[in-house]
Amino acid sequence: MLDRIAGLGKAVLDSIAGAGQAMVMLLRALIGKPQLRKSWPLLMQQMYSVGVLSLIIIVVSGLFIGMVLGLQGYTILVDFGAEQSLGPMVALSLLRELGPVVTALLFAGRAGSALTAEIGLMKATEQLSSLEMMAVDPLRRVISPRFWAGFYSMPLLALIFSAVGIYGGYLVGVRWLGVDDGAFWSVMQANVEWGQDILNGIIKSLVFAFVVTWIALHKGYHCVPTSVGISRATTSTVVTASLAVLGLDFVLTALMFG
Amino acid sequence: MESRNTQLAVGFFVIIGVLALLFLGLRAANTNFSSNGETYKLYAKFDNIGGLKERSPVKVGGVVVGRVSKITLDGDYYEPLVEMTISKDYDEFSDTSSVSILTSGLLGEQYIGLSPGFIDDTVEMLDDGDYIHDTKSALVLEDLIGQFLFSQGND
């Protein structure tokens with residue numbers, strides 16, 4: 001019995017220590033004199049591997065999710081003779097929820113796991129220690145550009161996802177199922193607000209970008225430097241980041257639209 | 001040279017992202033009545049505002065000319081007071097104009113319908129901060145059913 005309680009205590013202490021480690025890592029990586037000339041090429045490199053290479057999966061899933069929304073929305077709305085409302089339905093569900101959330105989930109699977117595995121392997125092969133030996137701070141050199149790359153890329157990816165998704169809904173709704181072209185866009189414009197919907201979606205994706213990238217970097221930087229440790233850390237990145245995104249999404253939705 | 005290709009790819013990525021934002025902002029969102037244009041305020045007192053909310057549209061013959069900016073209770077009798085922000089493009093409403101709270105469609109949202117009044121020499125124009133006196137309240141379904149039952153009972 002006492003062992004169980006001790007085990008619970010250890011788990012709590014470990015998770016608090018993990019949160020502390022992650023916080024210290026982030027602060028040390030981000031605070032300090034910015035060296036634009038050195039960090040710019042590093043940032044470009046990471047923007048490429050984190051953002052540009054994620055573009056294809058984002059565009060394809062955005063298109064298909066938009067098309068599915070159009071199809072499902074049409075079959076339900078047509079029963080009420082309200083198929084003109086297909087436009088706002090597709091646009092609002094993409095801008096408010098699906099755009100930021102699905103992008104964050106895909107990003108955690110596509111880019112987050114890669115970040116964790118990369119940094120974990122750097123740690124296991126003692127590249128991080130070698131950097132320190134050469135008086136290069138690995139937090140500034142390795143962690144910081146990856147963090148900013150994720151933070152800048154994901155809102156852009158979410159915007160692209162929403163735009164492509166709306167186009168997918170347009171393809172199915174208007175081109176295939178015959179909703180009126182003018183009504184599709186005008187009813188959408190009457191219902192979508194710049195500040196309320198688009199801006200709140202961007203704020204959501206900024207929060208998700210921060211959380212997902214942070215979790216991925218922390219799991220990689222503090223992983224057990226063995227092959228098993230790296231694989232655990234990668235799995236844990238995807239699971240923790242996805243759960244954090246879904247949980248935070250509920251809180252943010254309640255605050256913004258509640 | 002790999003770093004140049006990388007930079008090009010990232011540049012295109014950012015451009016696509018900005019284009020997506022422009023598409024969403026211009027094509028999907030409401031841009032024809034933005035709050036940054038010049039506006040003025042009109043007030044109206046109602047007995048019952050029904051389901052009217054802040055940001056509900058104010059329409060003249062179906063055309064949006066402004067939005068409800070504030071709803072408060074006013075005076076000793078706690079009458080609902082509605083503040084409407086109207087675009088300066090439409091500043092020629094006369095004192096005899098009337099406002100009523102209408103519903104778009106059978107189950108749609110409620111909005112304010114503004115009907116411009118007649119104009120002659122004795123009628124003044126409405127300015128910033130003026131009250132519209134001729135108001136019709138929202139139709140409340142329960143009141144309507146009550147009246148209907150009452151009139152049935154009389155027969």
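**Notes on a two-chain predicted model**

1. Let's start with a bend. Helix α6(A) has a kink of about 30° at A:Ser144, and the proline A:Pro145 follows shortly after. Keep in mind that you're looking at a predicted model, so treat what follows as a reading of that prediction.

2. How far does that helix reach from its first C-alpha to its last? α6 of chain A covers residues 138–176, which is 39 residues, and it reaches 53 Å end to end. That is close to the 57 Å expected at 1.5 Å a residue. Just past the end of α6(A), have a look at A:Gly178, where phi is positive, at about 85°.

3. Is α6(A) mostly out in the open or largely enclosed? Of its 39 residues, 30 are buried, so the rest of the structure largely encloses this helix.

4. Now step back to chain A as a whole. Its secondary structure is nine helices and zero strands, so to speak a plain run of α-α-α-α-α-α-α-α-α when you read along the sequence. The C-alpha trace spans about 65 × 55 × 30 Å along its principal axes. Out of 258 residues in chain A, 41% are buried. Among contacts in chain A with a separation of 6 or more, 87% are between residues 24 or more positions apart.

5. A:Ile119 gives you one of those long-distance links to look at up close. You'll find this residue in helix α4 of chain A. Why is A:Ile119 called buried? The cut-off is 20 or more other C-beta atoms within 10 Å, and A:Ile119 has 26, so it counts as buried. In sequence, A:Ile119 and A:Gly220 are 101 residues apart, yet their C-alpha atoms are 5.1 Å apart in space. If you skip the neighbours within four places in sequence, the contacts of A:Ile119 are A:Val142, A:Leu217, A:Gly220 and A:Tyr221.

6. What does the UniProt record add? Its entry, which is unreviewed, puts the feature "transmembrane region" at residues 12–31, 52–78, 156–178, 198–217 and 238–257 of chain A. Two of these spans can be compared with the model. Residues 156–178 of chain A are 91% helix and 0% strand, with end C-alpha atoms 31 Å apart. Residues 238–257 of chain A are 100% helix and 0% strand, and their end C-alpha atoms lie 27 Å apart.

7. Next, the meeting of the two chains. Here 24 residues of chain A are in contact with 18 residues of chain B. On the chain A side, the elements giving two or more residues are α2 (36–50), α4 (86–124), α6, α7 (181–191) and α8 (194–221). Our kinked helix turns up again: α6(A) provides the largest share of that side, six residues. By type, the chain A side splits into 19 nonpolar residues, four polar and one charged.

8. Finally, chain B brings in some strands. Strands β2 (residues 57–60) and β3 (residues 63–74) of chain B pair in the antiparallel sense over four bridges. One of the pairs to find is B:Val60 with its bridge partner B:Val63 in β3(B). The two strands form a hairpin with two residues between them, and B:Gly61 in the turn has a positive phi of about 55°. β2(B) also pairs with β6(B), residues 110–115, this time in the parallel sense over two bridges. For that pairing, look for B:Val58, whose bridge partner in β6(B) is B:Ile112.

Key. Residues numbered from 1 in each chain as written. Chains lettered and ligands numbered in written order. Predicted model: local features only at pLDDT ≥ 70, side-chain atom pairs only at ≥ 80, totals over all residues. Expected span 1.5 Å × (residues − 1). Bend = angle between axes of the 7 residues up to and from the residue. Buried ≥ 20, exposed ≤ 12 C-beta atoms within 10 Å, placed from the backbone. UniProt positions renumbered as here; feature names shortened; annotations may be inferred. Contact = placed C-beta atoms within 7 Å. Nonpolar A, V, L, I, M, F, W, Y, C, P; charged D, E, K, R; others polar. Pairing = 2+ DSSP bridges.
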